[in-house]
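Hi everyone, thanks for coming. I'd like to walk you through one structure today, so have a look at it on the screen before we start.

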Amino acid sequence: MLGKTAASLFWMARLLERTENSARLIEAGFRIALTHSSSAADEWASILASSGAKKNYLAKHEDYSSAKVIDFLLRDNSNPGSVISLIKQARDSARTARIALTREVWEATNEAWMNLKNALANPVDERDLPDVLAVIRKQSSLVRGAVMGTMLRNDGFNFIRLGTFIERADSTARILDVKYYLLLPSIAQIGTAVDNVQWETILRSVSAQRSYRWLNGSDITALSVAEYLILHRQMPRSLAFCYAQISDNLGYLEHEYGSEVTSHRLVSDICDRLLGQPVKSIFENGLHEFIVEFLAANNSLAAQIETDYNFQDRIN
Amino acid sequence: MLGGDDKVREPYADYKGWLDNEDIKRLHRKSDDAEAFFRRTGITFNVYGEDDGDERLIPFDVIPRILSGNEWRKLSRGIEQRVKAINAFLYDIYHRQEILRAGRIPVDLIANNIAFLPQMIGVDPPGGIYTHIIGTDIVRTGPDEFYVLEDNARTPSGVSYMLENRETMLHMFPELFAKIGVQEVSSYPNKLRRSLAACAPPKCDGKPVVAVLTPGIHNSAYFEHSFLADQMGAELVEGHDLKIVDGRVAMCTTQGYTAIDVIYRRIDDDYLDPLNFLPNSMLGVPGILDVYRSGGITIANAPGTGIADDKALYSYMPEIVEFYTGQKPLLQNVPTWRCSEKDQLGYVLEHLEELVVKEVHGSGGYGMLVGPAASKKEVEDFRAKLIGNASNYIAQPTLALSSVPILAKQGLSPRHVDLRPFVLVSPDRIDITPGGLTRVAMTEGSLVVNSSQGGGTKDTWVLEE
């Protein structure tokens with residue numbers, strides 16, 4: 001497989017995952033704005049920060065009105081992180097890697113782009129927002145379903161999955177990064193309930209509010225929320241889950257290609273050093289420090305994968 | 001569909017029987033389905049100079065164009081003769097140039113032609129083949145009158161539409177194919193791969209590695225490039241994926257560099273090799289021509305084939321066919337005036353309103369004048385251009401192109417068509433896929449069928465006998 005093709009598969013998956021995460025963040029923000037209008041501006045600011053778009057946003061807008069933020073995150077062509085920009089880039093990556101995709105995966109991606117272009121052709125009225133966000137998440141699910149249901153479990157499939165989980169780990173860590181202060185005040189009194197709205201926002205932005213309750217009942221503490229998002233092995237957006245998958249995918253590639261790569265050693269290292277400790281010691285050593293370190297490690301891992309598999313190899 | 005006597009022509013008899021029982025509304029619905037299918041599948045093209053968000057569909061018409069087995073046999077014999085002559089001509093023109101010595105075509109036409117590549121002189125292409133893929137443009141003006149309009153010996157496009165049009169028709173009208181025996185086209189990709197692999201270079205050791213070279217996703221024909229690579233099971237590469245490693249052209253894979261044996265390039269000669277041609281080309285591979293000359297890679301079509309489909313040379317094709325095959329041409333050439341010659345230019349200037357005038361190196365229907373369809377001002381503007389650079393143009397009579405019905409809003413309506421059959425040339429055989437791409441001028445009365453000018457396509461049937 002060409003290095004370029006592997007890169008395109010990896011990025012196609014990353015960008016689609018990002019589209020979906022973006023829809024989830026907007027949904028969480030919108031809900032806060034509806035039910036707790038006094039904290040809406042703060043919430044939008046932290047959502048922009050989570051998606052890495054705050055600086056770009058402030059260059060264009062002065063305040064955090066819901067309509068402006070939503071339009072910026074969904075439809076603004078000048079924002080490379082808007083849903084419309086992301087889906088276009090994802091589809092371009094899919095076109096570049098077309099020969100490595102099944103017809104079903106390609107068509108699902110192409111249709112995702114066509115449908116979102118259509119759904120986002122005009123500013124989205126607040127009344128229609130929940131429907132539009134549902135469409136975005138559904139399109140991403142359809143592509144994922146086509147990938148799981150039709151692709152050979154070969155190197156291409158593994159590059160797609162690597163992209164998905166690198167991006168997902170990044171997204172969950174960023175949410176924690178922006179929200180970690182909400183979890184901090186309770187450290188002194190471990191076991192004390194976090195403010196309802198706050199933890200709900202965090203869980204909602206990773207679509208985990210219900211699964212959390214199923215597993216933890218009504219016992220909501222900073223420690224258990226953090227543990228759920230960082231270390232829980234069953235939670236499909238937790239850092240530990242993403243890294244278990246990444247390790248599998250790299251293991252497959254090593255086996256298939258018959259050569260060991262630095263990136264797989266990095267994964268073991270990150271799992272031991274960061275994800276191998278109980279949540280208590282993460283808090284004791286500093287949740288913020290942990291997240292900063294994890295985000296940096298995740299970035300280095302992505303870069304190392306690109307190097308190991310010749311994503312960026314250019315003759316010039 | 002109808003003959004001169006308004007009776008249904010024989011090849012269309014069975015189809016017409018089916019059509020007469022069809023509800024026109026159902027056909028329109030099928031037509032909409034086809035359009036949705038093309039969009040979903042991404043069978044689109046970018047029009048240069050427009051927003052890259054604007055991908056267009058080539059209009060697809062659901063009424064097939066039908067040829068009898070007999071008509072096809074005659075046509076394909078003529079095409080085969082012409083393709084053989086073209087390959088013999090290319091070998092000769094890059095070696096001993098007997099045809100020039102014999103005085104059958106003027107030396108100037110070759111020596112001063114930008115499509116002639118001096119770098120190819122004395123080079124023996126692997127398998128002796130210059131034009132692995134040819135798309136001969138044919139027009140019909142009567143029951144037995146076929147003309148070759150262009151030879152397209154560089155990088156003919158459109159074969160993916162031939163294949164997808166058939167797929168679409170099979171999908172929409174399965175009952176028709178059960179009823180009428182139509183020769184299949186779907187083995188084209190397999191034959192293309194076989195044909196390319198049959199011309200592996202001397203340095204190939206083992207099963208030939210084949211790749212399609214594309215300018216990238218923004219090229220208007222990118223869909224076709226990825227489609228063909230996918231269907232052949234070949235890699236789809238861009239210039240920046242390639243470099244020269246140990247005297248071979250190698251592609252950057254996830255496991256390091258792997259040598260390529262045969263490259264089906266979909267970029268023009270000029271862009272192929274910045275060391276040997278245009279120095280600022282970002283699309284090609286520096287040094288690929290040197291590897292080619294040393295037997296390290298096969299380039300299909302070979303560099304320098306453009307000299308054979310040059311529009312100024314076109315008028316000499318009857319001589320070329322006769323010179324190399326020793327036979328009279330089976331297919332006619334359209335009479336052509338060479339504006340480089342003074343008396344012929346005089347005639348062209350006097351008859352501009354009746355003629356079609358084309359640029360010698362133009363393609364895609366750009367930069368041409370269709371006299372009868374042009375306004376007075378367009379004719380006069382063109383006259384000025386023509387006088388300013390006469391040798392850049394040729395002129396041909398406006399042919400009474402055959403027409404085939406399309407499904408228009410109000411029902412069936414005739415439109416002019418041409419035909420591009422696709423020819424694969426191997427060292428031991430020539431394969432012509434039965435059918436080809438029928439291009440149709442969607443505007444009533446228009447003679448311009450190019451997709452870049454709003455032309456559409458049809459499925460083309462050759463009946464089994």
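So, let's zoom straight in on chain B: B:A211 stands opposite B:E235 in β8(B). This is a predicted model, by the way, so keep that in mind for everything I say. B:A211 sits in β7 (210-213) of chain B, and β7(B) pairs with β8(B) in the parallel sense, over three bridges.

Now zoom out a little. Which strands make up the sheet that β7 and β8 belong to? There are four of them, in the order β8-β7-β12-β13 (chain B), and they form an open sheet with parallel pairing. Why do β8 and β13 (298-300) of chain B each have one side without a neighbour in the sheet? Because they stand at the edges, each with a single partner strand. If you turn the model, you can follow the twist, which averages 25° from one strand to the next.

Let's stay around here and look at a helix. α9 of chain B covers residues 222-232, and it is mostly covered: nine of its 11 residues are buried. Among the buried ones are B:Y222, B:F223, B:H225, B:L228 and B:M232, and there's a charged-looking name on the list too, B:E224. What covers the buried residues of α9(B)? The cover includes our friends β7 and β8 (235-237) of chain B, along with β1 (45-46), α6 (159-172) and α8 (188-197) of that chain. Right after the helix comes B:G233, and its phi is positive, near 70°.

Okay, second sheet in chain B. This one is an open sheet of three strands in the order β9-β10-β11, and here the pairing is antiparallel. The edge strands are β9 (242-245) and β11 (256-259) of chain B; each has a single partner strand, so one side of each is left without a neighbour in the sheet. The twist in this sheet averages 45° from one strand to the next. For the details, β9(B) and β10 (residues 248-253) of chain B run antiparallel and are joined by four bridges. If you want one pair to find on the screen, try B:V245, which stands opposite B:R248 in β10(B).

Next topic: the nonpolar cores. How many residues are in the largest one? It has 209, and the residues with the most contacts inside it are A:M12, A:V83, B:A211 and B:I263. So B:A211, where we started, turns up again here. The element that gives the most to this core is α1(A), with 16 residues. Take B:I263 as an example: leaving aside its neighbours within four places in sequence, B:I263 is in contact with B:A211, B:L213, B:V249, B:I297, B:T298, B:I299 and B:A300. There's also a second, separate core of nine residues, including B:I406, B:V440, B:A441 and B:V449.

Let's move on to how the two chains meet. The contact takes 22 residues from chain A and 19 residues from chain B. On the chain A side, the elements that give two or more residues are α1 (3-35), α5 (83-96) and α6 (103-119) of chain A. The largest share, five residues, comes from α6(A). By class, that side of chain A has nine nonpolar, four polar and nine charged residues.

Last part: domains. Chain A is assigned domain 1 (1-151) and domain 2 (154-316), and the C-alpha centres of these two domains lie 21 Å apart. The contact between them takes 25 residues from domain 1 of chain A and 27 residues from domain 2 of chain A. Which element gives the largest share of the domain 1 side? That's α1(A), with 17 residues. By class, the domain 1 side has 15 nonpolar, five polar and five charged residues.

Chain B is split as well, with domain 1 (10-334 + 399-462) and domain 2 (335-398). Notice that domain 1 of chain B is written in two pieces. The C-alpha centres of the two domains are separated by 26 Å. Here, 13 residues of domain 1 of chain B are in contact with 15 residues of domain 2 of chain B. The domain 1 side of that contact has six nonpolar, five polar and two charged residues.

That's my tour, thanks for listening!

How values were computed. Residues numbered from 1 in each chain as written. Chains lettered and ligands numbered in written order. Predicted model: local features only at pLDDT ≥ 70, side-chain atom pairs only at ≥ 80, totals over all residues. Domains from an automatic or database assignment. Contact = placed C-beta atoms within 7 Å. Nonpolar A, V, L, I, M, F, W, Y, C, P; charged D, E, K, R; others polar. Pairing = 2+ DSSP bridges. Axes fitted to C-alpha atoms, helices over the stretch in contact; angles between N-to-C directions. Core = buried A, V, L, I, M, F, W, Y, C linked by C-beta atoms within 7 Å. Buried ≥ 20, exposed ≤ 12 C-beta atoms within 10 Å, placed from the backbone.
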